[in-house]
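Thank you all for coming. I would like to take a few minutes to walk you through a structure that is new to most of us, so please have a look at it first.

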Amino acid sequence: MFDLAIIGGGPGGYVAAERAGAKGLNVVLFEKKELGGVCLNEGCMPTKTLLYSAKIYESAVNGGKYGVTAGEVKFDFAKIVDRKNKVVRKLVAGVGGKMKAHNVNVVKGAAMIRGRSAEGISIECDGQEYTARNLLICTGSEAFVPPIPGIETAGDALMTNREILASKEQPRSLVIIGGGVIGMEFASFYNSLGTEVTVVEMLPEILGGLDAEISAMLRDHYAKKGVKFNLSCKVTRIEGTTVEYLDIDNNTHTVSAERILMSVGRRAVTTGFGLENLGVETERGAIKVDERMRTNIPNVYAAGDVTGFSMLAHTASREGEVVVNNLTGRRDVMRYNAIPGVVYTNPEVAGVGHTAASAAAAGIPFRELKLPMAYAGRFIAENEGGNGLCKVIVGEKHGEVLGVHMIGNPCSEMIYGACMAIEQEMTVKEMEEVIFPHPTVSEIFRETIFAAGE
């Protein structure tokens, strides 16, 4: 009898297993592929590894701006891919080491929920039955491929994030259907290496849901680098390697490329592991949970993408921690007001909390403060010719920090400070008393905040 069974070894599952094992629970973790889930194997980490290689290449190409030249700069796509694979193997092994260190029983195979009885929850895997007092479902999500007419004619030329990350050859041209985070990160990577990239996006702007001004700045940056953007356009048909789409005026256009990347979103995985045998309630194709990640069935929890709410690795990890904390006597609830979002393009984009648009939609009185990144001396020193922006959304009544949004390197490493400010409900006056190290790009947060007191 296990205290906790976890189905899915991604960021939600393996972090929960580690935390539960560290607290003395007897844990079994089922994973049918590789530990780390989509994030470590087919998403976050391999993508960021590729993007870093592209960033190094771009830095070398532009070294003359900084007074550094090193002859002809070249890249080796095969070696870039090999390094990505090496990084993934190392990270997966690291997760395995953590599981072993905390006495987590890892079972590789497809788990199937058989039912629930007075003895506990029964799970079968590879012909063996396991029983647990509690079950945490972390089955994640999968790329959504819409039923576009003619899509089957594309064959291997049509890829999702999984296939494009496994590819060992650089396409000469690439059409990306979807200008969200995943689409823009692949656009950044391939554009940096010289692939001709076209983005077809249904919304009027890329990175829907993020700050509109910052999204437009990123689009403008990549448009100048040669990426072609077709916004407010709906794909109507795929014929081989040709994508047909309608523009906002219902005019038909086509674009052809060597490869097509489908990047229109992800959907929760709720089938194939016996969820129906428990009667767990779902809503809009995802498992419904409360603030403690509890489902409608006692002792059954869900965390991560399978809940369909915030499909981010760090959200999944925190949700898993909430489950374990409650199981081990610490009352904990999941809060979603300070979850950061990052786009690892070059320049990076990061944001947390309310945008001006979301605050207005919620009827919250606010002020929008903003400063160019160039107000931070370190940014100028390290980003020759670059531009960036920091925006802070401040509550009008109490002066509390409601949201922070940035474009410019290295904002992915800076955004956590804004998360803490929002989580702790810090006000402008309180932030003015926080000392930031100088010179750092992060000072832009305080400088923008200080503008509120002027």
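Let me begin with a question: which residue forms a salt bridge with Glu396? The partner is Arg367, and in this model, which I should say at once is a predicted one, the closest N and O atoms of the two side chains are 3.9 Å apart. Since a salt bridge is counted here when such atoms lie within 4 Å, the pair falls inside the cut-off at 3.9 Å. Glu396 sits in the loop between β23 and β24, while Arg367 belongs to strand β22, so the contact ties together parts that are 29 residues apart in sequence. Glu396 is partly exposed, with a relative accessible area of 43%, and Arg367 is likewise partly exposed, at 29%.

Let me step back to the protein as a whole. Its secondary structure comes to 13 helices and 24 strands. The radius of gyration is 23 Å, close to the 22 Å that the globule rule gives for 454 residues, so the protein is as compact as a globular protein of that length. Along the principal axes, the C-alpha atoms fill a box of roughly 70 × 60 × 50 Å, and 50% of the 454 residues count as buried.

Now back to the charged pairs. In general, side chains of opposite charge can pair when their charged atoms come close. In this protein the count comes to 27 salt bridges, and I will pick out a few of them.

One joins Lys391 and Asp211, at 3.1 Å from N to O. This pair links distant parts of the chain, with Lys391 in strand β23 and Asp211 in the loop between β10 and α7, 180 residues apart. Are these two residues buried or exposed? Both of them are buried.

Another joins Lys108 and Glu34, whose closest N and O atoms are 3.2 Å apart. Here Lys108 comes from strand β3 and Glu34 from the loop between β2 and α2, and the two are 74 residues apart. Lys108 counts as exposed, at 52% relative accessibility, whereas Glu34, at 39%, counts as partly exposed.

There is also a network of salt bridges, in which Glu18, Arg19, Arg318, Glu321 and Asp332 are linked.

Finally, let me turn to the surface, where Arg83, Lys86, Arg89 and Lys90 form a positive patch. Of these residues, Arg89 lies in helix α4, which covers residues 77-101, and Arg89 is exposed, with a relative accessible area of 55%.

Methods
Residues are numbered from 1 along each chain as its sequence is written. This is a predicted model: local features need pLDDT of at least 70, side-chain atom pairs count only at pLDDT 80 or more; totals for chains, interfaces and linings use all residues. Side-chain values use heavy atoms; hydrogens and water are left out. Patches are made of residues with over 30% relative accessible area and no salt bridge: like charges are joined within 9 Å, nonpolar side chains (Val, Leu, Ile, Met, Phe, Trp, Tyr) within 5 Å. Accessible areas come from the Shrake-Rupley method with a 1.4 Å probe; for residues, only the protein chains shown count as cover. Lys and Arg count as positive and Asp and Glu as negative; His and the chain ends are not counted. The place of a charge is taken as NZ of Lys, CZ of Arg, CG of Asp or CD of Glu. Helices (H or I, at least four residues) and strands (E, at least two) are DSSP runs, numbered from the N terminus. Buried means under 20% relative accessible area, exposed over 50%, partly exposed in between (1.4 Å probe, protein chains only). The radius of gyration is taken over C-alpha atoms; the globule rule is 2.2 Å times the number of residues to the power 0.38.
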